[in-house]
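Open the model in a viewer with the sequence panel beside it. The stops below say what to select and what is there.

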Amino acid sequence: MSILLEEKQRAFTELREIKANLAARGWFPATSGNLSVRVGEFDPSAFTFAITSSGRDKSVQTPEDFLLVNEKGLPTEATSLKPSAETLIHSEIYRLTGAGAIFHVHTIYNNLVSELYGERGSIPVNGVELIKAFNIWDEEAQIEIPILPNYAAIPRIAELVEGAIVPRIPGIVLRKHGIYAWGANAFEAKRHLEAFEFLFEYVYRYHMMTK
């Protein structure tokens, strides 16, 4: 698919700004995490997205931070950069949801609650105001945030994504790993990510207070 230069530049700029914002919060420890923004037209069988390159320190900005890949997670331009190891998970989420951006971070709270509710297979959240960030407006809304096992082989995880997606919940947690949050664009994906992280901390602290 043909991508205009300005579309590529816009996507890289968005990722650069989001990366700096989330790195300042300490959400990318030890080069972990990855970010992507879809670029150009979308068809579930053919699309392009910009993603963070593998093994980069996300607390600094360099010309090698991002690259373009196709729906199979393969670079669309000649490059020595490698896309994030978890690119296939991004590909599956884009294919299944048509999202415009996906952000993945590792935090203490998303790891703790994923282990706390790992055997249950989802993280329950009951009546917390920030559920509204997902456009869920029910009074005393109750949601379940899906948890997937964290296999070493990324294709094994990618195969499970389709069965884990809940249409009204724009996120999936990998157990003892981190959250993938998505949205129609970078602004919405960031809002969803922030809401998830607030809810994870709430659930953990509430559990510790009441156990």
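In which strand is the place of N126? Select N126 in this predicted model: the residue sits in strand β5. Its relative accessibility is 46%, so N126 counts as partly exposed. Beyond the neighbours within four places in sequence, N126 is in contact with A141 and Q142. Add Y206 to the selection: Y206 is 80 residues from N126 in sequence, and the two C-alpha atoms are 11 Å apart in space.

**Next: A141**

Move to A141, one of the two contacts of N126 just named. A141 belongs to the loop between β5 and β6. Is A141 buried or exposed? A141 has a relative accessible area of 6% and is buried; the cut-off for buried is under 20%. Display what surrounds A141: with neighbours within four places left aside, the contacts are V125, N126, G127, I131 and I136. One of these, I131, is ten residues away along the chain, and its C-alpha atom is separated from that of A141 by 7.3 Å.

**Next: I143 and the largest nonpolar core**

Select I143. Which residues does I143 touch, not counting residues up to four places away in sequence? The list is I123, P124, V125, I131, F134, I136, R168, I169 and L199.

I143 is also one of the residues with the most contacts inside the largest nonpolar core, together with F103, I123 and I145. This core has 42 residues. To show the elements that give two or more residues to the core, colour α1 (5-24), β1 (34-43), β3 (66-70), β4 (101-105), β5 (122-126), β6 (142-148), β8 (178-183) and α5 (186-210). Helix α5 gives the most, with eight residues. Another core, of 20 residues, lies apart from this one; F47, I51, I89 and A99 are among its members.

**Next: Y180**

Go to strand β8 and pick Y180. At 1% relative accessibility, Y180 counts as buried. Outside the residues up to four places away in sequence, Y180 touches N34, E86, I89, H90, I93, I102, F103, H104, P170, G171, I172 and L174. Two of these names have come up already: F103 is among the residues with the most contacts inside the largest core, and I89 belongs to the core of 20 residues. For a distance check, pick Y109, which is 71 residues from Y180 along the chain; the C-alpha atoms of the pair are separated by 14 Å.

**Last: the whole chain**

Zoom out and switch to a cartoon view. How many helices and strands does the protein have? There are five helices and eight strands, and along the sequence they follow the pattern α-β-β-β-α-β-α-β-β-α-β-β-α. The radius of gyration is 17 Å, close to the 17 Å that the globule rule gives for 211 residues, so the protein is as compact as a globular protein of that length. Taken along the principal axes, the C-alpha atoms fill a box of roughly 55 × 35 × 30 Å.

Colour by burial: buried residues make up 47% of the 211 residues. With a surface shown, the protein exposes about 10,400 Å², of which carbon and sulfur atoms supply 52%. Among contacts between residues at least 6 apart in sequence, 64% join residues at least 24 apart. Finally, select the charged groups: the mean positions of the 21 positive and 26 negative charges are 5 Å apart.

Key:
Residues are numbered from 1 along each chain as its sequence is written. This is a predicted model: local features need pLDDT of at least 70, side-chain atom pairs count only at pLDDT 80 or more; totals for chains, interfaces and linings use all residues. Side-chain values use heavy atoms; hydrogens and water are left out. Helices (H or I, at least four residues) and strands (E, at least two) are DSSP runs, numbered from the N terminus. The radius of gyration is taken over C-alpha atoms; the globule rule is 2.2 Å times the number of residues to the power 0.38. Buried means under 20% relative accessible area, exposed over 50%, partly exposed in between (1.4 Å probe, protein chains only). Contact means heavy atoms within 4.5 Å. Accessible areas come from the Shrake-Rupley method with a 1.4 Å probe; for residues, only the protein chains shown count as cover. Lys and Arg count as positive and Asp and Glu as negative; His and the chain ends are not counted. The place of a charge is taken as NZ of Lys, CZ of Arg, CG of Asp or CD of Glu. A nonpolar core is a set of buried Ala, Val, Leu, Ile, Met, Phe, Trp, Tyr and Cys residues joined through side-chain atoms within 4.5 Å.
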